Structure formats: C-alpha cells, structure tokens
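The following note is offered in response to the request for a reading of this model. The points are numbered for ease of reference.

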Amino acid sequence: MLKVIGAGFPRTGTTSMKAALEQLGFGPCHHMFEVIQHPEQQGKWRQVIENDGRVDWTWALEGYKSSVDWPSSYYWRELMAAFPDAKVLLTVRDPHRWYASVRDTIFTFTREGERAERAGRRPPNPLAPVLGRLWAGTFGEEMGEEMPAEDHAVDVFERHLATVRETVPADRLLVHEARDGWEPLCDFLGVPEPETGYPHLNDGDTMRRMAERARTGEVPESFTLEDLRKPGS
C-alpha cells in the first residue's frame with residue numbers, strides 16, 4: 001500500500017529521494033528505473049497509459065510503499081485519490097538547471113535511441129509509448145528533434161509546482177529540494193533522522209547504460225543506489 005506519493009518532475013532529485021525513502025523504511029520505492037529493470041512493469045504501465053490513468057492503482061503499484069519520478073508522478077492526482085492516507089512529496093530544483101538536465105538525459109538518450117532504431121541498429125524501445133505519452137501530456141507537444149523552448153518548459157515546470165501546491169492540503173504536502181536534507185523529510189514522515197548524510201546521487205550515466213541495454217532487448221542490469229553516489233557525498 002502506497003504511503004508516499006512523489007509529485008515532482010523527473011530530474012528533480014528523484015533518485016536521491018528514492019534512496020532516502022528506502023533508507024527511512026518506505027521502500028521499495030517506485031521510479032522509472034523500476035520500469036526499465038523489470039520488463040513485466042512495462043506491460044502494466046502501457047495499460048495505465050492506454051486507460052489514461054483509470055486503473056486499479058493497488059495493482060499498478062503492487063508491492064511498493066512509495067513512488068517518485070515518472071511514470072507514477074505524472075498521475076499524482078489519481079494516486080492521491082486512490083491512496084487518501086498517503087503523503088505527497090513535491091521534489092524541486094532550480095527550473096533552468098532542471099531544463100538542462102532533462103535536455104542532457106531524458107531527451108538526448110531518447111532521441112539517440114530513436115535515430116539508431118530508424119537506422120536499423122536497434123529494436124524498438126518498449127518504453128517509447130509510455131515516455132511519449134508522458135512527454136506530450138506534460139509539454140503539450142510530441143518529442144521532436146529539438147527540446148521544447150526553455151521559456152516554455154520552465155513555464156510548464158513552474159505551473160506544475162503551483163498546481164500541486166494549490167491542490168494538495170498543506171498538512172499532506174512537503175516541498176523538498178535535495179539540499180534540504182533529512183530534517184524536513186523526517187519531520188514530515190514522522191520518523192527518526194538517520195545518522196548518515198542525505199543521499200546525493202548522480203544517475204545520468206546509469207540511465208544511459210540501462211537505456212542502451214533495454215533498447216537492445218537485453219535484461220537491464222541490476223544496480224545499487226550506492227553505485228550512483230557522487231564522489232565525496
């Protein structure tokens with residue numbers, strides 16, 4: 001049963017938040033990595049997309065205590081209704097740095113993969129229908145050869161933050177940036193603060209590596225969140 005719902009966009013510290021929630025006892029935490037690593041998840045999320053989120057969410061997120069990142073965060077409203085006792089986390093970061101991160105990871109990796117598919121060097125990406133729907137629903141346009149204009153994307157980002165803040169009751173919502181660390185998160189969830197530092201993870205290289213293997217039809221590699229820890233963090 002889901003206890004924590006992530007409503008933040010991808011590339012807002014969601015991998016670090018996944019690690020933090022799991023360390024605090026709210027794991028496993030659903031994240032796009034789960035869909036990449038577990039092929040059976042891909043069928044579930046295609047059904048979610050095809051039914052526009054009108055699904056049994058207990059089934060869709062069976063076995064998970066929390067969720068962050070796409071695809072689940074796209075359906076934060078539906079998840080709030082399905083799990084009325086769950087708390088909501090809105091992960092945030094500087095909007096222009098967020099834009100650059102999306103451009104250099106999700107967008108670049110997807111476009112590179114599509115070019116390779118058209119050239120016959122890779123099979124179709126099984127996650128393409130899921131990512132395509134989320135992208136178009138978020139930015140109001142299909143993923144093309146160019147990123148959406150920065151002004152437009154930043155406006156989308158900021159309007160999303162405002163919508164979540166206006167919609168979620170204050171006692172059910174925490175707005176969190178990675179640099180905020182453990183204290184506000186633990187206070188919000190009512191759990192003790194760990195003695196170890198808040199996780200600061202860098203998932204760009206792992207995202208590329210896993211996406212490459214998924215596109216070639218291989219079972220995506222396993223990894224631990226410790227593999228993503230930034231040097232010195």
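Over the ring of which residue does the charged end of Lys-87 sit?

1. The ring is that of Phe-188, and the charged end of Lys-87 lies 4.9 Å from its centre. The model under review is predicted, and every value in this note should be read accordingly.

2. On the overall architecture, the secondary structure of the chain consists of ten helices and five strands. The chain has 233 residues, of which 52% count as buried. Among contacts with a separation of 6 or more, 75% are between residues 24 or more positions apart.

3. The packing of two helices merits a separate remark. Two packed helices are described by the angle between their axes and the distance between the axes. For helix H3 (residues 39-50) and helix H7 (residues 128-139), the angle is about 40° and the axes are 9 Å apart. The crossing of H3 and H7 is left-handed. On the H3 side, the residues in contact are Trp-45, Arg-46 and Ile-49; on the H7 side, they are Pro-129, Val-130, Arg-133 and Leu-134. Sorted by class, this contact comprises five nonpolar and two charged residues, with no polar ones.

4. Aromatic pairs number ten in the structure. One of them joins Trp-57 and Tyr-75 in a tilted arrangement, with 5.4 Å centre to centre and 45° between the planes. This pair links distant parts of the chain, as its two members are 18 residues apart. Trp-57 belongs to helix H4 (residues 57-60), while Tyr-75 lies in the loop between strand S3 (66-67) and helix H5 (76-82). Both Trp-57 and Tyr-75 are buried.

5. A cluster of rings should also be noted. Phe-9, Trp-98, Phe-107, Trp-135, Phe-139 and Phe-157 are linked into it by ring pairs. Trp-98 is placed in helix H6 and has a relative accessible area of 2%, so it is classed as buried. Leaving aside residues up to four places away in sequence, Trp-98 touches Phe-9, Pro-10, Arg-11, Thr-12, Arg-93, Phe-139, Ala-153, Val-154 and Phe-157. Among these contacts, Phe-9, Phe-139 and Phe-157 are also members of the ring cluster. Phe-9 is 89 residues from Trp-98 along the chain, yet their C-alpha atoms are separated by 9.1 Å.

6. Ser-101 is likewise found in helix H6, which spans residues 95-118. Is Ser-101 buried or exposed? Its relative accessible area is 12%, and Ser-101 is therefore buried, given that the class covers values under 20%. Apart from residues up to four places away in sequence, Ser-101 touches Arg-11, Arg-93 and Ile-106. Arg-11 and Arg-93 also appear among the residues that Trp-98 touches.

7. The backbone of Arg-11 deserves inspection. Arg-11 is not a glycine, yet its phi is positive, at about 70°. Arg-11 sits in the loop between strand S1 (4-6) and H1, and it is buried, with a relative accessible area of 13%. A positive phi is also present at Asp-52, another residue other than glycine, where the value is near 50°. Asp-52 lies in the loop between H3 and H4. At 35% relative accessibility, Asp-52 is classed as partly exposed.

8. Cis peptide bonds should be checked as well. One joins Gly-27 and Pro-28, with omega at about 0°; Pro-28 is in the loop between helix H1 (14-23) and strand S2 (29-30). The peptide bond from Trp-70 to Pro-71 is also cis, with omega near 0°. Pro-71 falls in the loop between S3 and H5, and Tyr-75 of the tilted aromatic pair is in the loop between these two elements as well.

9. A final point concerns His-200, which is in the loop between helix H9 (182-189) and helix H10 (204-215). How far apart in space are His-200 and Gly-13, C-alpha to C-alpha? The distance is 8.0 Å, although the two residues are 187 residues apart in sequence. The relative accessibility of His-200 is 30%, and this residue therefore counts as partly exposed.

Conventions. Residues are numbered from 1 along each chain as its sequence is written. This is a predicted model: local features need pLDDT of at least 70, side-chain atom pairs count only at pLDDT 80 or more; totals for chains, interfaces and linings use all residues. Side-chain values use heavy atoms; hydrogens and water are left out. Axes are lines fitted to C-alpha atoms, for helices over the stretch in contact, and angles run from 0 to 180 degrees between N-to-C directions. Helices (H or I, at least four residues) and strands (E, at least two) are DSSP runs, numbered from the N terminus. A crossing is left-handed if the near helix is turned anticlockwise from the far one by less than a right angle, and right-handed if clockwise. Contact means heavy atoms within 4.5 Å. Ala, Val, Leu, Ile, Met, Phe, Trp, Tyr, Cys and Pro count as nonpolar, Asp, Glu, Lys and Arg as charged, and the others, Gly among them, as polar. Rings of Phe, Tyr and Trp (its six-membered ring) pair if their centres lie within 6.5 Å; planes under 30 degrees apart count as stacked, over 60 as edge-to-face and the rest as tilted. Buried means under 20% relative accessible area, exposed over 50%, partly exposed in between (1.4 Å probe, protein chains only). A charge sits over a ring if NZ of Lys or CZ of Arg is within 6 Å of the ring centre and within 35 degrees of the ring normal.
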